[in-house]
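Q: I would like a close look at one part of this model, followed outwards into the parts around it. Please take your time and connect the pieces as you go.

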Amino acid sequence: MHIARIVVHAVELPLANPYRLSGGRLYFDRLDSTLVRIDTDAGLSGWGEGCPWGSTYLPAFARGIRAGMEELAPQLLGLDPRRIEIVERAMDRALPGHLYIKSAVDLACWDVLGQAAGLPVCELLGGREDEPVAIQSSIGTDTPEAMLADIAARREQGYRIHSAKVGSGVDADLARIRALAEACPAGESVTFDVNRAWLPDQAIQVMNAIAGTPAYFEQPCESYEQCLAVRRLTAHPIILDESIQIFSDIVRAQADGACEAIGLKLGRVGGLTKARRIRDFCVNTGLRMNIEDTGSGGIGDTAAVHLAQSTDPLFRRASWLCHDMLAVEMVEGGARNEAGTTHAPEASGLGVTPREDLLGEPVAVFGD
Ligand code: MG
């Protein structure tokens, strides 16, 4: 079997509600997703997706995926998409770095592999665990009242785990954190995700001012070194998210004792193949994970849920379903919010396809 054609689509995804990250630092109302379809000579087709969370969240942007496909696609035609790590090495040789571009291709290859094997991808990533995958909400930065209202709305949809975005100065953040922590009922939890917005002195002031309040803090500062300095002067569990990009990042973080959990986002680390290695390291060294994608109309979300579904539940925190925040349904099938949990589809491959009526004409076609 070989890759005969690679088809690229761009799809605009409006958010149901405009979103603010880190105290208004980032604001947007729509996502730009790139869908990649790999067609094989055997008649199987696999879908992948790359959807950066806007262009200001990570060193990644939507049009970059489309440009990168022009570099990668000619190197991939003719390869067997079921040979996942051979495709991975071909991409790493053809285009060092640029992991977010490769993720979409990697997901499409796993979709083909699963279909060829007649198995859902979670079975190929280690095997389906029975326990459903818990999902977490994503609460944009706002006044404490508005954030509590957003949490209440998500609670109505079944969410019990909330990721509240903070990061706009010591006093305003302390007011938010105290209000949300105080209102959090038994059986629910709130993570405070700073998305790199604090300087170390701000992080240390805020976290130590509420030292007795149980809470996780995520990516408090811009750099790994700043986060490590915060880790050494505070007591709350810390989640590293943006700082974990390649395998050696997690090895260093664990050796330094820099975090107690990580955000494992497919688009940031380069897809399921590279995420699986990081997942296995975390399971073997005692780190919990939020396994999700950077953004998604449903294909990236579902791929991440396959990885979460095949992960020992002890090591899972929660997964974010980006598509649950959209004003449109982009896909058929796939992992869905089922009152606060989800599960990987039973169909072979990823078990999710885009709605044909939303796709429009491809922006690029490579191969015959
Ligand atoms: Mg985060």
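Which handedness does the crossing of H6 and H7 have?

A: The model is a predicted one, and in it the crossing of H6 and H7 is right-handed. Helix H6, residues 170–183, and helix H7, residues 200–209, pack at an angle of about 35°, and their axes lie 10 Å apart. The residues that meet at this crossing are Val 170, Leu 174, Ile 177 and Arg 178 from H6, and Gln 202, Gln 205, Val 206 and Ala 209 from H7.

Going back along the chain from H7, one comes to the loop between S7 and H7, where Asn 195 is placed. Its phi is near 50°, a positive value in a residue other than glycine, and this deserves a remark because most residues other than glycine have a negative phi. Asn 195 has 2% relative accessibility and therefore counts as buried, the limit being under 20%. A contrasting case is Ala 339, in the loop between strand S12 (331–333) and strand S13 (341–342): its phi, near 55°, is also positive, but Ala 339 is exposed, with a relative accessible area of 60%.

Strand S7 also leads to the metal site. The magnesium ion is coordinated by Asp 193 (OD), Glu 218 (OE) and Asp 241 (OD), at 2.1 to 2.3 Å. Since Asp 193 belongs to strand S7 (residues 189–193) and Glu 218 to strand S8 (residues 216–218), this pair ties together parts that are 25 residues apart in sequence. Along the chain, the donors follow the spacing D-x24-E-x22-D, and both Asp 193 and Glu 218 are buried.

The strands S7 and S8 belong to an open sheet of 7 strands, whose order is S5-S6-S7-S8-S9-S10-S11 and whose pairing is parallel. At its edges stand strand S5 (136–139) and strand S11 (288–292), and because each has a single partner strand, one side of each is left without a neighbour in the sheet. From one strand to the next, the twist averages 25°. Within this sheet, strand S9 (residues 238–240) runs parallel to strand S10 (residues 261–265) and is joined to it by 2 bridges; Ile 239 has Ala 261 in S10 as its bridge partner.

Further along the chain is helix H11, residues 272–285, which has 14 residues and reaches 20 Å from its first C-alpha to its last, close to the 20 Å expected at 1.5 Å a residue. Its buried residues include Leu 272, Ala 275, Ile 278 and Phe 281, and also the charged-type names Lys 274, Arg 276 and Arg 279. Just after H11, Gly 286 takes a positive phi of about 90°.

A second open sheet can be set beside the parallel one: it has 4 strands in the order S3-S2-S1-S15, with antiparallel pairing. Here strand S3 (45–50) and strand S15 (364–367) stand at the edges, each with a single partner strand, so one side of each lacks a neighbour in the sheet. Neighbouring strands of this sheet are turned by 20° against each other on average, direction ignored. Strand S2, residues 26–40, pairs with S3 in the antiparallel sense over 6 bridges, and Asp 39 stands opposite Ser 45 in S3. Helix H3, residues 99–117, packs on this sheet and touches S2 and S3, its direction making about 150° with that of S3.

Key:
Residues are numbered from 1 along each chain as its sequence is written. This is a predicted model: local features need pLDDT of at least 70, side-chain atom pairs count only at pLDDT 80 or more; totals for chains, interfaces and linings use all residues. Side-chain values use heavy atoms; hydrogens and water are left out. Donors are N, O and S atoms within 2.8 Å of the metal (3.2 Å for Na, K and Ca); water is not among the atoms, so sites may look incomplete. Buried means under 20% relative accessible area, exposed over 50%, partly exposed in between (1.4 Å probe, protein chains only). Two strands pair if DSSP finds at least two bridges between them. Axes are lines fitted to C-alpha atoms, for helices over the stretch in contact, and angles run from 0 to 180 degrees between N-to-C directions. The expected span of a helix is 1.5 Å times one less than its number of residues. A crossing is left-handed if the near helix is turned anticlockwise from the far one by less than a right angle, and right-handed if clockwise. Contact means heavy atoms within 4.5 Å.
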